[in-house]
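Subject: Structure handover

Hi,

Here is the structure I promised to pass on to you. Have a look at it first, and then read on for my notes.

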Amino acid sequence: QVQLVESGGGLVQPGGSLRLSCAASGSIFSINAMGWYRQAPGNERELVAAITSGGNPTYADSVKGRFTISRDNAKNTVYLQMNSLKPEDTAVYYCNADIKKRRFTVVATYWGQGTQVTVSL
């Protein structure tokens, strides 16, 4: 079994910061890309940021310059530092990871349970 557990969500005022963490555990041989998605009520889930196993990040245009994704491969953990938060960043944030459970198995994508981020006065 593989589990992704997120933490760090909460309520923050506009202009504030939050740091999300997502730790993968269980039967893991290797992890390729890891990422963060978000879904606001009535909207589809959208990519926020992703990072390759080598540390190369990509960002949605809406968060460039405000959010930073990073990872600690030794801890199988991905982070999302969110600065200058806006009300439109309010959503449930999900992490995902492309994981190979054994050396000769295919890569599968796993998702966390989601953590709520609310940006409001």
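Below is what I found, going from the whole chain to a few single residues.

Please keep in mind that this is a predicted model. The chain has 11 strands and zero helices, so the order along the sequence is β-β-β-β-β-β-β-β-β-β-β. The C-alpha trace spans about 50 × 25 × 25 Å along its principal axes. The radius of gyration is 14 Å, which agrees with the value near 14 Å for a compact globule because the chain has 121 residues. Of these 121 residues, 37% count as buried. Among contacts with a separation of 6 or more, 56% are between residues 24 or more positions apart.

Next, the core. The largest nonpolar core has 29 residues, and the members that touch the most others are Trp 36, Leu 80, Met 82 and Tyr 93. Several strands give two or more residues to this core, including strand 1, strand 4 (30-39), strand 8 (77-82) and strand 11 (115-119). Strand 9 gives the most, with five residues. Nonpolar side chains in soluble globular proteins tend to be buried together. Tyr 93 has contacts with, among others, Leu 20, Trp 36, Val 48, Phe 67, Leu 80, Met 82 and Val 117. Glu 6 is also one of the residues that Tyr 93 touches.

That brings me to Glu 6, which sits in strand 1 (residues 2-7). What is the nearest side chain of opposite charge to Glu 6? It is Arg 45, 7.6 Å away, and the buried Glu 6 has no salt bridge. A polar atom of the Glu 6 side chain does lie 2.6 Å from the backbone nitrogen of Gly 114, and the backbone nitrogen of Gln 113 is 3.0 Å from a polar atom of that side chain. Beyond four places in sequence, the residues touched by Glu 6 include Ser 21, Cys 22, Trp 36, Cys 95 and Thr 115.

Finally, Trp 111 belongs to strand 10 (residues 107-111). Is Trp 111 buried or partly exposed? Trp 111 counts as partly exposed because its relative accessibility is 37%. Outside its neighbours within four places in sequence, Trp 111 is in contact with Leu 4, Tyr 37, Arg 45, Tyr 94, Cys 95 and Asn 96. From C-alpha to C-alpha, Trp 111 and Ala 24 are 9.6 Å apart in space, with their positions 87 residues apart in sequence.

Best wishes

Methods: Residues numbered from 1 in each chain as written. Predicted model: local features only at pLDDT ≥ 70, side-chain atom pairs only at ≥ 80, totals over all residues. Heavy atoms only, no water. Helix = DSSP H or I, 4+ residues; strand = E, 2+ residues; numbered from the N terminus. Buried < 20%, exposed > 50% of the residue type's maximum accessible area, 1.4 Å probe, protein only. Lys, Arg positive; Asp, Glu negative; His and termini not counted. Salt bridge = Lys/Arg side-chain N within 4 Å of Asp/Glu carboxyl O. Polar contact = N/O pair within 3.5 Å; in protein donor to acceptor, adjacent residues only side chain to side chain. Contact = heavy atoms within 4.5 Å. Core = buried A, V, L, I, M, F, W, Y, C linked by side-chain atoms within 4.5 Å. Rg over C-alpha atoms; globule rule 2.2 N^0.38 Å.
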